[in-house]
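Here is a short report on one protein model. It covers a sheet, a pair of helices and one residue in a loop.

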Amino acid sequence: MQRTPLLISSILRFGTTLHGDQEVVTWTAEGPRRASYAEVGRQAAQLAHALRGLGVSGDDRVATFMWNNAEHLTAYLAVPSMGAVLHALNIRLFPEQILYIADHGGSSVVIVDNTLAGPFAGLLAHLPKIRHVIVNGPVDEATTAALSAPAHVVGVHDYATLISGQPTEYAWPEDLDEDCASSMCYTSGTTGNPKGVSYSHRSNYLHALTAAMTLGIRQDDRLLVVVPLFHANAWGFPYLAMAAGATLVMPDRFLQAAPLAQMIETEKVSAGAGVPTVWNELLRHLETAGADVSTCRQLVVGGSAAPPAMMRAFQEHHGITIVHAWGMTEMSPIGTVAIPPARCDEGSDEYWSYATAQGRLVMGVEGRLVGPDGSKLPWDGESVGELEVRGPWITASYNRNGTESDGEVAEMAAKFSDGWLRTGDVGSLSADGFLRLTDRAKDVIKSGGEWISSVDLENAIMAHPEVVEASVVGVPDDRWGERPLASVVLRAGSSVTPEQLRDFLADRLARWQLPERWAIIDEVPKTSVGKFDKKVLRSRYADGDLDVQTLS
Ligand code: ADP
C-alpha cells in the first residue's frame, strides 16, 4: 500500500473542500454567526500565512486563550497543518496555573478572544516568551495598551485585520512526519499539578476516526461542542466533525443552561458533548423552563461519572440518549464508550447496567487491570484493580522542558509501567470489555480496611428527587481511618434532612457505607472544567468551613 502520512492537513482539506458547505455556528449575544467549512478552510490558509509572517516556523508553539468559536476551530486546523503546534490554554485555571502551563508550553504567539483580552493582559507581563498577541474581535484602546505594555511583546494584532489580504490558499507541507507533535494539552489538575501531553498528527487522525465511528457521528449531525477546546483535546470533536462532515455548533461564552437549550432548539442540534454538570443543569432547565429538544438524539458525557438518575431522566422525559464515555487528557482522550450491546432491549435492566458503566474499550485501546500486588486481574466484571492502557493515541510520556524538579520527573515516570499508562482509575472489566470504574484511586474512601466508592455514594444520593448535586469525599476518622462526608445541594425550598437522605440510601448501599457526616451546601465547588472539586471540599472540611451535621 502507499504510505501517505496521517496529517491534520488531510482532515482540514477533506472537511473544508468535500464538506465545504457544512458550517460552524458560533453563538453570540446577537444570536448565531455562521461560517461555512469552505470559509474556515480559506481563513485557515490566511491564518497560516499571517503566522508565518510573525515568524512562526518549524515546530514553534502557538497558544490560544479562547472560547469555542469559529476562529478557535480555524486555529485548531491551521496551526498543526502548517507544522506548528497548537497549545489551547485553559482559560479557567487559577492565574498561577495558567502562567505555569503557558510558560511550560513555550508559545511565542497567542490568539486571544476579545472577551478574554482583559484578564489575559494581566498575565502577559509574566509570560516573557510571548512576542505577539492576536486579538479576535474588537477591544478598546486601554486593553490594547495593556497588552502592548510588556517589553517582550513585539506586536498586538487584530485577528481580522491580520488575516485579511492574505492568500486564501496555503501549500500545507506534505513532508511532515506523522509522528511529530500537532497539538498539546495539559491535564486539568483535578488531583495534582497539571501535566502536559503532546498529541501527534497520527494520534489525532486515528483518534478522530475511531471516535467518529464509535459515537456514530454522521454528516447530518449538528454537534453542540460544550466541552472546551482546551479540555482534553476537545474530546476529538473538531477533527471528528471535519472527518465526518458534521456541522459544529460552538457556544462561545454562552455556557449556561438557558442559551444551550436555545442553541439546541434553534440550531436543531442532534448531538452534543460535555461534562455531567453541564447536562445536569440543562436537565433542570428543561424541567422548569422547557425547550424543544426533539432534534437531539444523544449527548456524550465524560470527564466524571455520569449520574444514572440524570441519564434515565434524559432518556425517559426527553428521548435523549446519554452516551457515557471515559477518557483522559493523556488518551486524546477517548478510552471507552458505553453503547450497550445490540441484544439489550432499550430500557431493560441489562441495558441500563451497560449504559451507566464507563463503557467498552474502543477499537485501538488495550486495557489491563492490575492488582495492588502488581498481578494482572481477570476480566470477570468483579475483580477490581487499577486500569492500565496502551494504544496509538495514548501518550508515552509527559512534556518536559528541563525546569521540572526531581520529584516531578519521578512522578511523571511513575505514571508508566512497561509501556502502559497507569490511569489512576480503579474498577473492573467485563469479559466483553466494559469498564466499570469504582473511583479515582485518590478519591476512594478507605474505611476500616474496606473501600467505599465515593462515586457510588454520589450517584445514590443524586437519585433522590430533591437532590440537585452531591459530592462525597473521605475525611479523617479516629476509629475507621476515613469515613465519607456527603456535601449535598438540595432543590430550592426543599426541607429534606440528612436523616431522610440516609434512610433513602439504606436499601441501596451496605449499612457500613452510609455517611454519618452531611453538609447541605449551596453549590458543589467545580474545577476549571466543571468536575466536582474534591480538593476544595476536603480543605473546607479541614478548615472547619463546612456546616457539618453528624448523625448517630
Ligand atoms: P484531570 O485528571 O486533571 O481531571 P482529565 O480531564 O484528563 O484531567 O481527567 C481524566 C480523569 O477524569 C480520568 O482519569 C477519570 O478519573 C476521570 N473521568 C473521565 N471520564 C470519566 C467517567 N466517564 N467516569 C468517571 N471518571 C471519569
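Two strands count as paired if DSSP finds at least two bridges between them. The model described here is predicted.

**The sheet**

By that rule, seven strands form an open sheet. Their order is β7-β6-β5-β3-β4-β8-β9, and the pairing is mixed. The edge strands are β7 (155-158) and β9 (196-200), each of which pairs on one side only. On average, neighbouring strands of this sheet are turned by 20 degrees against each other, with direction ignored.

Strands of a sheet pair through backbone hydrogen bonds, in either a parallel or an antiparallel way. Which sense applies to β3 and β4? Strand β3 (residues 61-65) and strand β4 (residues 85-88) pair in the parallel sense, over four bridges. Two bridge partners are listed here.

| Residue in β3 | Bridge partner in β4 |
|---|---|
| R61 | V85 |
| A63 | H87 |

β3 is mostly covered, with four of its five residues buried.

**The helices**

Helix α8 packs on the sheet, where it touches β8 (181-186) and β9. The direction of α8 makes about 75 degrees with that of β9.

α8 also meets a second helix, α9. Two packed helices are described by the angle between their axes and the distance between the axes. For α8 (residues 201-215) and α9 (residues 237-244), the axes come within 8 Å. They cross at roughly 70 degrees. Angles of 65 to 115 degrees count as roughly perpendicular, so α8 and α9 are roughly perpendicular to each other.

Which residues make the contact between α8 and α9? From α8 come N204, A208, L209, A211, A212 and L215. From α9 come F237, Y239, L240 and A243. The residues of this contact divide into nine nonpolar, one polar and no charged.

**The loop residue S528**

S528 lies in the loop between β27 (517-520) and α17 (534-542). Is S528 buried or exposed? Its relative accessibility is 11%. Buried means under 20%, so S528 counts as buried.

What does S528 touch, leaving aside residues up to four places away in sequence? The residues are N90, R92, L93 and S188. With N90, there is also a polar contact: the side chains of S528 and N90 are joined at 2.9 Å.

Definitions and conventions
Residues are numbered from 1 along each chain as its sequence is written. This is a predicted model: local features need pLDDT of at least 70, side-chain atom pairs count only at pLDDT 80 or more; totals for chains, interfaces and linings use all residues. Side-chain values use heavy atoms; hydrogens and water are left out. Helices (H or I, at least four residues) and strands (E, at least two) are DSSP runs, numbered from the N terminus. Buried means under 20% relative accessible area, exposed over 50%, partly exposed in between (1.4 Å probe, protein chains only). A polar contact is a pair of N or O atoms within 3.5 Å; within protein, one must be able to donate a hydrogen and the other to accept it, and residues adjacent in sequence count only if both atoms are side-chain atoms. Contact means heavy atoms within 4.5 Å. Axes are lines fitted to C-alpha atoms, for helices over the stretch in contact, and angles run from 0 to 180 degrees between N-to-C directions. Angles under 35 degrees count as roughly parallel, over 145 as roughly antiparallel, 65 to 115 as roughly perpendicular and the rest as oblique. Ala, Val, Leu, Ile, Met, Phe, Trp, Tyr, Cys and Pro count as nonpolar, Asp, Glu, Lys and Arg as charged, and the others, Gly among them, as polar.
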